Amino acid sequence: MEALAFAVPALLILSLFVFYPLVRNMIYSFQSFTLSSVAKEWVGLKNYMTLFSDKIILTCLKNNILYALISIVIQVGFGLVLAAVLEDVAFRKLSPVLRSIYFVPTVISMTVVCLLFEFIYNPQIGLLNSFLEIIGLPGLTRIWLGSKKTAMFSVIAVSQWQSTGYVTMLFIVAIQKIPKDLYEAAQVDGAGKIKRFFYITVPQVRQMFFVTMILTVSGAFTVFNEPYILTGGGPGTATMVLSLHMYQTGFVKNNMGYASTIAMVIFVITALLSSVQFFSFGAEKGER
């Protein structure tokens, strides 16, 4: 009973701010209404059937999947390599400074980051095009946020710059927990740094690897700020993602019922990914 008493406040907060809104949104997804509606019309599965004829949904899924794949490679893959490098003996003295440098973007507001990159991507006075011209590559200059070919990649790059440091710090914590005896024994046996990385570091941080991967992928499917601030989903629907489509459907087109349906799609995807994280974590604990 004492343990239950400690759990009750958390359960109340979760019920009020998570479970109740989730149930209400599920009910709304079967209705048709606007922000000013007094009564809501029950439409059953009509909103869900609309998903199959909504071409923007397919574009959103493609963009979110692309977001997730690139995030896994850069944030998780490169973040792990960067963490291993920073924890190497050769960088031990510079490591505190470098960790701070890489982590700084994480604490900057995403709105500020997007405004910064709007200036960097500016086709006339932007730093990126200016840098390409200075190094003799004017042919690579682009209207980065105004071209369908480059807009999505430009938006994704902003997220990678802002989030990679956070994932790196998580891996650094995991690497610091690895017994030093393992590295010393491998070094005595003649294993180089690359072999020590693949045969000691990677297996020892596999639990953190799965956690960061799922966090990164879940974040990729709920991303909103970057495309909303930088492009508004344009040009056309080139940078449209699920959360932005949900926002525009609900608050611009004033179709709250269908927006609730899109929200349920986001919830199902992220819930499935969270389940993978849960079972992966459980399997890791069961192996011990």
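This text leads the reader through the structure shown above, from the whole chain down to single residues. The structure is a predicted model.

The chain as a whole comes first. It contains 13 helices and two strands. Along its principal axes, the C-alpha trace spans about 75 × 70 × 30 Å. Of the 288 residues in the chain, 37% are buried. One can also ask how far apart in sequence the contacting residues lie. Among contacts between residues at least 6 apart in sequence, 67% join residues at least 24 apart.

Helix H10 serves to introduce the helices. This helix runs over residues 206–221 and so has 16 residues, and from its first C-alpha to its last it reaches 23 Å. That reach is close to the 22 Å expected at 1.5 Å a residue. Which residues of H10 are buried? They are Thr 212, Met 213, Ile 214, Thr 216, Val 217, Ser 218, Ala 220 and Phe 221.

Towards the start of the chain, helix H1 covers residues 2–28, and Tyr 28 belongs to this helix. Tyr 28 counts as partly exposed, because its relative accessibility is 22% and the buried class is reserved for values under 20%. Leaving aside neighbours within four places in sequence, Tyr 28 is in contact with Phe 33, Lys 40, Asn 47, Gly 257 and Ser 260. By contrast, Val 173 is 145 residues from Tyr 28 in sequence and 42 Å from it in space, C-alpha to C-alpha.

The next subject is the largest pocket. About 590 Å³ of space lies in this pocket. Of the 19 residues that line it, the closest to its centre are Ala 84, Glu 87, Asp 88, Tyr 183 and Arg 196. Three helices each supply at least two residues of the lining: H3 (55–86), H8 (180–188) and H9 (193–204). Which helix gives the largest share of the lining? The largest share comes from H9, with six residues.

Glu 87, one of the lining residues closest to the pocket centre, also leads to another part of the chain. Apart from neighbours within four places in sequence, Ser 95 is in contact with Leu 86 and Glu 87. Ser 95 lies in helix H4, which covers residues 95–107. Ser 95 is buried, with a relative accessible area of 1%.

The loop between helix H11 (225–230) and helix H12 (242–252) holds Thr 231. Thr 231 is buried, because its relative accessible area is 18%, and the limit for this class is under 20%. Not counting residues up to four places away in sequence, Thr 231 touches Leu 145, Val 155, Glu 226 and Thr 239. With Thr 239 there is also a polar contact of 2.6 Å, which joins the side chains of Thr 231 and Thr 239.

Gly 234 is found in the loop between H11 and H12 as well. Gly 234 is buried, with a relative accessible area of 10%. Beyond its neighbours within four places in sequence, Gly 234 is in contact with Ala 151 and Thr 239. Gly 234 and Gly 146 are 88 residues apart in sequence, yet 7.7 Å apart in space from C-alpha to C-alpha. The peptide bond from Gly 234 to Pro 235 is cis, with omega near -5°. Pro 235 likewise has its place in the loop between H11 and H12.

Further along the chain, Asn 254 is found in the loop between H12 and helix H13 (256–287). Phi of Asn 254 is near 60°, a positive value in a residue other than glycine. Asn 254 is partly exposed, with a relative accessible area of 28%.

The cysteines remain to be considered. A disulfide is a covalent bond between the sulfur atoms of two cysteines. How many disulfides does the model contain? The count comes to zero. Why does Cys 60 form no such bond? The closest cysteine sulfur to that of Cys 60 is in Cys 114, and it is 18 Å away, too far for a bond, because a disulfide requires the sulfur atoms to be within 2.5 Å. Seen from the other side, the closest cysteine sulfur to that of Cys 114 is in Cys 60, again at 18 Å. Cys 60 is buried, with a relative accessible area of 0%. Cys 114 is buried too, with a relative accessible area of 0%.

Technical notes: Residues numbered from 1 in each chain as written. Predicted model: local features only at pLDDT ≥ 70, side-chain atom pairs only at ≥ 80, totals over all residues. Heavy atoms only, no water. Helix = DSSP H or I, 4+ residues; strand = E, 2+ residues; numbered from the N terminus. Buried < 20%, exposed > 50% of the residue type's maximum accessible area, 1.4 Å probe, protein only. Polar contact = N/O pair within 3.5 Å; in protein donor to acceptor, adjacent residues only side chain to side chain. Contact = heavy atoms within 4.5 Å. Expected span 1.5 Å × (residues − 1). 1 Å grid on protein atoms, 1.4 Å probe; cavity = no way out; pocket = protein on both sides within 12 Å on 5 of 7 lines; lining within 4 Å. Points joined across faces, edges and corners; volume = space filled by probe spheres on them.
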